[in-house]
Structure formats: C-alpha cells, structure tokens
Amino acid sequence: MELKIALLPGDGIGPEIVGEAVKVLNSVAAKYKHTFNYQKALVGACAIDATGDPYPAETHAVCQGADVVLFGAIGDPKYDNNPSAKVRPEQGLLRMRKSLGLYANLRPLAVFDSLADRSPLKTEIVKGADFLCVRELTGGMYFGRPQGRSEDGNTAYDTCVYTREEVERILHLAFGLARKRRKQLTVVDKANVIATSRLWRQIAKEMAPQYPDVTVEFMFVDNAAMQIIQRPTHFDVIVTENLFGDILTDESSVISGSLGMLPSASVGAKVALFEPIHGSYPQAAGKNIANPMATILSAAMMLEHVGLEKEGKAIRDAVNKAIEAGVVTEDLVSAAGKAASTTEVGDFIAAAV
Ligand code: IPM
Ligand code: MN
C-alpha cells in the first residue's frame, strides 16, 4: 500500500518521539512491502516562531493532502504563565481539529499486565482495565461563543453550546464502537445542572432503541471521576463532551502507570489524526529520555485505521516485547531496572517488528 503521512512533530519532545515512530513505521514498510511517504509541517510554538501563526495555511494544506496525520505534541513554557499572549500554541491544535473536521477523539486505555504494578493504584484494582473514552472534540466550551471579558476586565465568560447534529454524530460513533467491544456504553454528563448535558441525555435515550444490543448507562461526571479510579474494570466505552473528556482522560491515564503509554485517534471527516495524549514535556526536550511508546502506539492505531491490521498488531506486539524485556524509559522502569533512552526504545521496537 502507498500511504501519504503528514508528520507534525510540534514542540518539546515532539520531534524526538515522532522520530522514533517513523523509525518503527519504516521498519513495518520494509517488512510488509509498503511505501510510506512523509511530509513534514509546523504546528504549535515552533510554527509561531517561524511564521507568527500556530497553524499556518501551509500546514493545513499538507494535512488535507495526506491520508493520515501523525502528530507529536505542542506547547512551550514561554506561553504558559503569560495569559496576555495574543497567539498561543494551543490555538493551533484547536484550529487544526476544527478545520480538519476531527469531531471525535478516541482514547483507549488498557493496562499492560506486566506494568500493572507501576500504577499508583492497587494492582488488583487496575488489572484487566480496558476501556475506550470517546471525547467530543470540536464543540462545547472550547469553541462556544461568546467567550471573553467585560470591558473593565473583572468579569469573564465562556459559552457551552451543542447542537442535536453534533451530539447525534458522536453518539452514533460511540454506540457503533461499543457494539464492536463489550457492548456497554456509559454516557457521562452533568444533566442535573447543565442544559447541554440534558440535551445529550435526551438524545442518547432517543437513540438507544436503534442499538438494542448495547446496554446504556448514564453517569454524572463527578461520580464518573470517582468510579474510574475505584473500579476502572467496570467501563467499556465512555462517551462524553469535550471538556469532561479532556479531564477524564488525563485522569484515566494514571491507571495505566504512565501518561507516556497512551495513544489516541481523532476522526471525523476525510483525514484522521493520531497523537499521544501527553503534552510536549519541555523539561525533557533534547535529553533523549521521553517515552516514545504512546506515539509508536498511535502509529499502530493509524495503520489499523487504514486497514493494515496485521501491521498494527506487529507494532503492538513489538511494544509488548520491549516492556517484557525491560527496555523502557525512566517513567516505567522498575526499581531494579535501568532506564533506556528514547532512541534505545525506538530501536528495540523497530527491530522487534
Ligand atoms: C489534549 C490537550 C489539549 C486539549 C490542549 C493542549 C488544548 O490537553 O489534547 O487533551 O485541551 O484538548
Ligand atoms: Mn488534555
């Protein structure tokens, strides 16, 4: 197969971890006789530095012209405590999601048996946890307008908006994904307080009869935050709005032992985007210590998305081998082990493919 891949390494550790994923992809291409063509583009703080725009038109064109996008991370500390910065790297990511029509963010969480003891939660609680969080990605408070400040600067406001169409398309996707898994769907909302949540709940109830084989439950987001930690094995597919999904997926990542393990896919219109759920980890940039596994597993999701199932599985198996061999970065290394570098982990996985 010939595949056009847009590479958006971004900021911080982004270039290092995307570099390792490319190494692994090249090894897959050689073994399974595929041609992967890469085209690089700028996004985030590096794009602001080069062009003044965190998501330049040229980057958008590269993404639109590709079959899939592999993205690293964005963010730079020079913007973090500077609320008055006019352009921010995050705006690039949000515009990219919106303009590419990526309305669904799929964040799977699975605990690798051999890493269960690395979780800060008790091993018997996390063992066997395996769920998928479907986060709505282009609506809600992130994009609702008006957003801003009163003239005197002393009042600020955001708007949370959802339309029936936006809610239906994400729920259809989540019901369909539940159908392919253990057929349990948890709709997370705050319908006791928030109007958009009441719309979500109403629409989910209307749609449920179309999916009679899927069991639906409703859970308030505060309770869900607690249940995810207390009994993570309860969940199969969770579907929720943008901001709740942002928060719950960072929380969920802790269960697996490291934020450095979790991949994600953003889908919607023609082109799909794959990225680790972690950020740009600027303190580690250039040190060859960051965990590349989340990005490598994102590349596996990317191949599966275009129908290359056995190639995706080959990457997953190779990641498992690295974990079992103890070839892991410092976030995962056991007390007795020695941490491997980013490039050592990438080399091992590329060879194991
Ligand atoms: C994420 C990130 C982004 C988000 C930020 C960087 C805008 O936290 O992908 O989860 O809030 O969506
Ligand atoms: Mn987040």
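The legends below describe several close-up views of a predicted model.

**View 1. The chain as a whole, with its 13 helices and 12 strands.**
The C-alpha atoms of the chain fill a box of roughly 50 × 50 × 40 Å along the principal axes. A compact globule of 353 residues would have a radius of gyration near 20 Å, and the chain agrees with this because its own value is 20 Å. Of the 353 residues, 46% are buried. When contacts between residues at least 6 apart in sequence are considered, 74% of them join residues at least 24 apart.

**View 2. The open sheet of 10 strands.**
Following the sheet from one side to the other, the reader meets the strands in the order β2-β1-β3-β12-β11-β4-β5-β10-β8-β9, and their pairing is mixed. The edges are formed by β2 (35–40) and β9 (215–220), each of which pairs on one side only. On average, and with direction ignored, neighbouring strands of this sheet are turned by 25° against each other. In general, the strands of a sheet pair through backbone hydrogen bonds, in either a parallel or an antiparallel manner.

**View 3. The parallel pair of β1 and β3.**
Strand β1, which covers residues 2–10, pairs in the parallel sense with strand β3, which covers residues 68–73, and five bridges link the two. Within this pairing, L8 has F71 in β3 as its bridge partner.

**View 4. Strand β5 between its neighbours β4 and β10.**
Strand β5 is mostly covered, since six of its seven residues are buried. Towards β4 the strand runs antiparallel, with seven bridges joining the two, and here A110 has D130 in β5 as its bridge partner. Towards β10, by contrast, β5 runs parallel and is joined by four bridges; R135 stands opposite T240 in β10.

**View 5. Helix α10 packed on the sheet.**
Helix α10, made up of residues 242–255, touches four strands, namely β4 (104–110), β5 (130–136), β8 (184–189) and β10 (237–240). The direction of α10 makes about 155° with the direction of β5.

**View 6. The packing of helices α1 and α12.**
Helix α1 (residues 14–32) packs against helix α12 (residues 309–324) at an angle of about 130°, and their axes lie 11 Å apart. Because of this angle, α1 counts as oblique to α12. The crossing in which α1 passes α12 is right-handed. Where the two helices meet, V24, V28 and Y32 belong to α1, whereas E311, A314 and I315 belong to α12.

Conventions: Residues are numbered from 1 along each chain as its sequence is written. Chains are lettered from A and ligands numbered from 1 in the order in which they are written. This is a predicted model: local features need pLDDT of at least 70, side-chain atom pairs count only at pLDDT 80 or more; totals for chains, interfaces and linings use all residues. Two strands pair if DSSP finds at least two bridges between them. Axes are lines fitted to C-alpha atoms, for helices over the stretch in contact, and angles run from 0 to 180 degrees between N-to-C directions. Two residues are in contact if their C-beta atoms, placed from the backbone, lie within 7 Å. The radius of gyration is taken over C-alpha atoms; the globule rule is 2.2 Å times the number of residues to the power 0.38. A residue is buried if 20 or more other C-beta atoms lie within 10 Å of its own, exposed if 12 or fewer, and partly exposed in between; C-beta atoms are placed from the backbone. Angles under 35 degrees count as roughly parallel, over 145 as roughly antiparallel, 65 to 115 as roughly perpendicular and the rest as oblique. A crossing is left-handed if the near helix is turned anticlockwise from the far one by less than a right angle, and right-handed if clockwise.
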